[in-house]
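The exercises below are meant to be worked with the sequence and the coordinates open side by side. Each task is followed by a solution that goes step by step.

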Amino acid sequence: MTEQLHPGLNLGPQHGKAHEHAETVMFGFWVFLMSDLVIFGVIFATYVTTVNPMGIAGGPGPADIFDLKSVFIQTMLLLTSSLTFGIATLMLRHKKGVRHVVLWLSVTLALGLGFLIFEVRDFSTMFANGAAPSRSGFLSAFFALVPLHGLHVASGAVWLVVMMMQITLFGLVPMVKTRLLRLALFWHFLDVIWIGIFSIVYLGGLA
Amino acid sequence: MTTSADWGWPLGVFIPEQLSFVRAFNNPTTSELIGAGAASLVVLGGLALAVFLIWSGWWRPIWRDWLTSTDHKRIGIMYIVLSLVMLSRGVIEGALMRTQQAAGLNGGFLTPDHFAELFSTHGTIMVFFVAMPFVTGFINYIMPLQIGARDMSFPVMNQVSLGLTVVGATLVMISLVLGQFSTGGWTAYPPYTGKVFSPGVGPDYWIWSVAIAGIGSTLTGINVAVTIYKERAPGMHLFRMPLFTWTALCAAIILIFAMPPLTVSTLMLAMDRYLDFHFFTNDLGGNMMNYANLFWLFGHPEVYLLVLPAYGIFSEVFATYSGKRLYSYTSLVYATMAIAVLSFTVWLHHFFTMGQGANVNIAFGIATMVIAIPTGVKVYDWMATMFRGRIRFSVPMVYATGFLILFVIGGLTGVILANPTIDYQVHNSVFLVAHFHNVLIPGVLYGMLAGYHFWFPKAFGFRLSEGWGYVTATLWIFGFAFTFFPIYFVGLLGMPRRSVSYSDPAFEPFMLVAVFGAAMILSALGALVVQLLVSIRKRETFSVPLGDPWNGRTLEWATPSPPPEYNFAIIPTVTDRDMFAVAKAQGNAFEKPAEYEDITLPKNTAIGMMVWVSGTGLGLALVWQVWWLVLVCVIGMLVVLIGNTFRTDAHRVIPAAEVAAAHQAWLDQIAAATPVGRLGEATPHNKGLAAQEAVQ
Ligand code: HEM
Ligand SMILES: [Cu+2]
């Protein structure tokens, strides 16, 4: 038996009520992520079927609109934010106290917002160059997929703010801890999706 | 469409000519008058209900005990009430369409648009707001009791899911009064439902009611799956779960994986319509085949999501009323899982004729036919369960046998359709309409009605009148046969589905038989209402408070009727399948536990109602493009949902002493009661304590 059922939680005695509860909500959240993954899956599939001359319909194609440098910066920002979230979790696990946890969560939030700023900047350049979703099926699919991920990041950011409020309000009680752990799952999940977007949409589109 | 420019922004694209009453006033044809009549039913019905609630003072207990409850049992019942209300609208629409087609040789009384609206609302309502809530309601009510749990894993989320489902139904009802519903069928295929071909608000009503309710269903799927995995009583390992719970698990898994494609396809359609995207348009790189794929990636698993829990109900019914263990439990479980998996592999049979190659068609045709194998296994298992059983031909058994016979016919016509060469001849004919009604009505609806009869005494503490039950069941079975068997023939004669009228006199005799059948179905619905009223009036005679009127086999019967909100005074320990039957045989079914403990339950909350209000507002605002209201509702909903996470006192405790007293009172009643044998089940002597017989 390991010391904790859930790394980073330290909820109390093993197999106690707090652990049982955590197990249920964590499992539930995994199931939710699975469902969300299906959403991304079908949108990815839609995207893939439109990156062809018929879908592009004479409009701009991937090579005309993607700015790899900006996308690379976004990738770095997002991956680093996952790292800093991991550090926040470690702070929680080693009982470093509210201040450390909030600090690392704020860094995560800042990186996430940085990602969103670059992403929005890219989109507005595309719009300015006539690459709007109404131009072609390909662009419609692009603007369904990538901003959907961005929307998830934005929700994650709101969630981060709410969690920081709850940490200061309630302290690191089990309820807050399991919520943080779910948010961590969500945040890392967004990384995984982004890697898919980066490789399939951006690298694949420019290859 | 006329724009609202002269009305300014506050009402979006709404203009008074969109009110069905104004339309009927301006153009008083039969078709419009029927529409206005239906609309006034909604308005008057709503008003009458409100007046009644205020006058009788019931609104207070209804609010306190039901609308704000997080008890899975109450939520389950509310789902079923919703579906029965919607069923009455759906059946009336079905009968109206049959009447139109009976009079439809070169004409009839409905305009093509009105007919199109009818089959669109009818299909949408039947699938999303009758069958789905019915199934969800039973799962909600029964499953936690069967696995020995106190509640679902996420009781508040459960309430929110119900709220979201009701939003969808409310929007469909409102569409009768304000504007028009879609004319694009329950599948809402673009490009027809796109802006170019359907500029009105109809498809938007379809989109938002289905999308919002769909999110609720996804959450339900998660809730059910987690509950079954995490909340089972000690000893209830997977292969000791009652069959209904198994089917609930498979249905939940289908919900989790099949709802997302629906959400995505509807929202993409919305983006096409609202934001000029080009997913499914004819021009600029759109491709409607993507819609067909996404929709049926949901749509096909959907029908199994509906029928599997019905199989579960029939399994319980066959076992209970045959007084036997289910024959070959394991093969039934594996067949259930096989069907759940296979249901995801056949969606392409919905567009055999839309241009993919012959090889693809063959593969999907074969995959489709393969589903018949596990279904066949189940049919044999059910028959073997009855074989040498001590059968009581009670009302649920009438439905179950009606199902066995009719469903096999429906399944066979499905296998016929699974052959692409045949499908080329009859697809889009009413043969298809006959086929899917032949599986949906006996398969899903009879299952639900059997369950309604079977578990009603559990939920309310009194039985439903058996006499009226037989009347209703007979009317449903023969009504179905008269309505839909002729349709197979008309289909083979070549009548296209969704036709408002026809010019071939050969169709007419069949249509006249069908309308006779529809009248029988309408009477069945009436008999169902009468049965309920009669039973309520005689509830003293029919009362079964001790909880086990049918000599049940599974844990839900091991509680008083209706069960206390915490379900079990102490969580049972499970050592066997058919746990309750075994415990009764061993004589330890009603033992007093050594000690009781405090029980923690979630407090009541109005969050589900707030979601309903803001969700309905959101849907309406989106339909009518009232952007300020969209904003208000979205913010309102976010405040409610996020605010709820700040609640820290969401639980209350029921002291052990209170639990002990209630349990003891029930045990005393049991000790004082005379058990009733299976032949006395339908008599007033049946108070819910079954006489013991040897278990099989
Ligand atoms: C109870 C009596 C019922 C009657 C009399 C009835 C009648 C009809 C009729 C006349 C149509 C139109 C067929 C056409 O357009 O050619 C129809 C379509 C349909 N019905 Fe029913 N129906 C009944 C019950 C149900 C039930 C229980 C379900 C599902 C659970 C259902 C699901 C559908 C669907 C999905 C459509 C297709 C709608 C479309 O074309 O988009 N029906 N029904
Ligand atoms: Cu299918």
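**Exercise 1. The surroundings of ligand 1**

Task: In this predicted model, sort the shell around ligand 1 by residue class, and find which element of chain B gives the most to it.

Solution. Sorted by class, the shell around ligand 1 holds 14 nonpolar, five polar and three charged residues. Out of the 22 residues around the ligand, those that come nearest are His122(B), Trp186(B), His437(B), Arg497(B) and Arg498(B). The next step is to look for polar atom pairs: an oxygen atom of ligand 1 has a backbone N or O atom of Trp186(B) at 2.8 Å, and an oxygen atom of the ligand also has a polar side-chain atom of Arg498(B) at 2.6 Å. Turning from single residues to secondary structure, two or more residues of the shell come from each of helix 4 (72–102), helix 5, helix 15 and helix 16 (466–493) of chain B. Helix 15 of chain B gives the most, with six residues.

**Exercise 2. The iron atom**

Task: Identify the protein donors of the iron atom of ligand 1, and explain why the arrangement of its donor atoms is octahedral.

Solution. Begin with the protein side, where the donors are the NE2 atoms of His122(B) and His437(B), which lie 1.9 to 2.0 Å from the iron. These two histidines join distant parts of the chain, since His122(B) belongs to helix 5 (residues 112–146) and His437(B) to helix 15 (residues 430–460) of chain B, 315 residues apart. For the geometry, take the six donor atoms around the iron and examine the angles that they subtend, which are 88 to 179° and therefore make the arrangement octahedral. As a reference, the ideal angles for six octahedral donors are 90 or 180 degrees. Finally, consider accessibility: His122(B) is buried, because its relative accessible area is 13%, and His437(B) is likewise buried, because its value is 14%, where under 20% is the cut-off for that class.

**Exercise 3. The copper ion**

Task: Name the protein donors of the copper ion (ligand 2), and decide whether His349(B) is buried or exposed.

Solution. The protein donor atoms are ND1 of His300(B), NE2 of His349(B) and NE2 of His350(B), at 1.7 to 2.0 Å from the copper ion. Written along the sequence, the spacing of these donor residues is H-x48-H-H. His349(B) has a relative accessible area of 15% and is therefore buried, whereas His350(B), at 28% relative accessibility, counts as partly exposed.

**Exercise 4. A serine in a loop**

Task: Locate Ser69(B), and list the residues that it touches, not counting those up to four places away in sequence.

Solution. Ser69(B) sits in the loop that runs between helix 3 (59–67) and helix 4 of chain B. Its relative accessible area is 5%, so the residue is buried. A polar atom of the Ser69(B) side chain lies 3.0 Å from the backbone nitrogen of Asp71(B). Leaving out residues up to four places away, Ser69(B) touches Arg74(B), Ile75(B), Gln159(B) and Asn604(B).

**Exercise 5. Chain A as a whole**

Task: Describe the secondary structure of chain A and the span of its C-alpha trace.

Solution. Chain A has seven helices and zero strands, which read along the sequence as α-α-α-α-α-α-α. Its C-alpha trace spans about 65 × 30 × 25 Å along the principal axes. Of the 207 residues in chain A, 55% are buried. Among contacts in chain A with a separation of 6 or more, 77% are between residues 24 or more positions apart.

Terms used: Residues are numbered from 1 along each chain as its sequence is written. Chains are lettered from A and ligands numbered from 1 in the order in which they are written. This is a predicted model: local features need pLDDT of at least 70, side-chain atom pairs count only at pLDDT 80 or more; totals for chains, interfaces and linings use all residues. Side-chain values use heavy atoms; hydrogens and water are left out. Donors are N, O and S atoms within 2.8 Å of the metal (3.2 Å for Na, K and Ca); water is not among the atoms, so sites may look incomplete. Four donors count as tetrahedral if all angles lie between 85 and 135 degrees; four count as square planar and six as octahedral if opposite donors are over 155 degrees apart and all others between 65 and 115; anything else is irregular. Helices (H or I, at least four residues) and strands (E, at least two) are DSSP runs, numbered from the N terminus. Buried means under 20% relative accessible area, exposed over 50%, partly exposed in between (1.4 Å probe, protein chains only). A residue is near a molecule or strand if one of its heavy atoms lies within 4 Å of it. A polar contact is a pair of N or O atoms within 3.5 Å; within protein, one must be able to donate a hydrogen and the other to accept it, and residues adjacent in sequence count only if both atoms are side-chain atoms. Ala, Val, Leu, Ile, Met, Phe, Trp, Tyr, Cys and Pro count as nonpolar, Asp, Glu, Lys and Arg as charged, and the others, Gly among them, as polar. Contact means heavy atoms within 4.5 Å.
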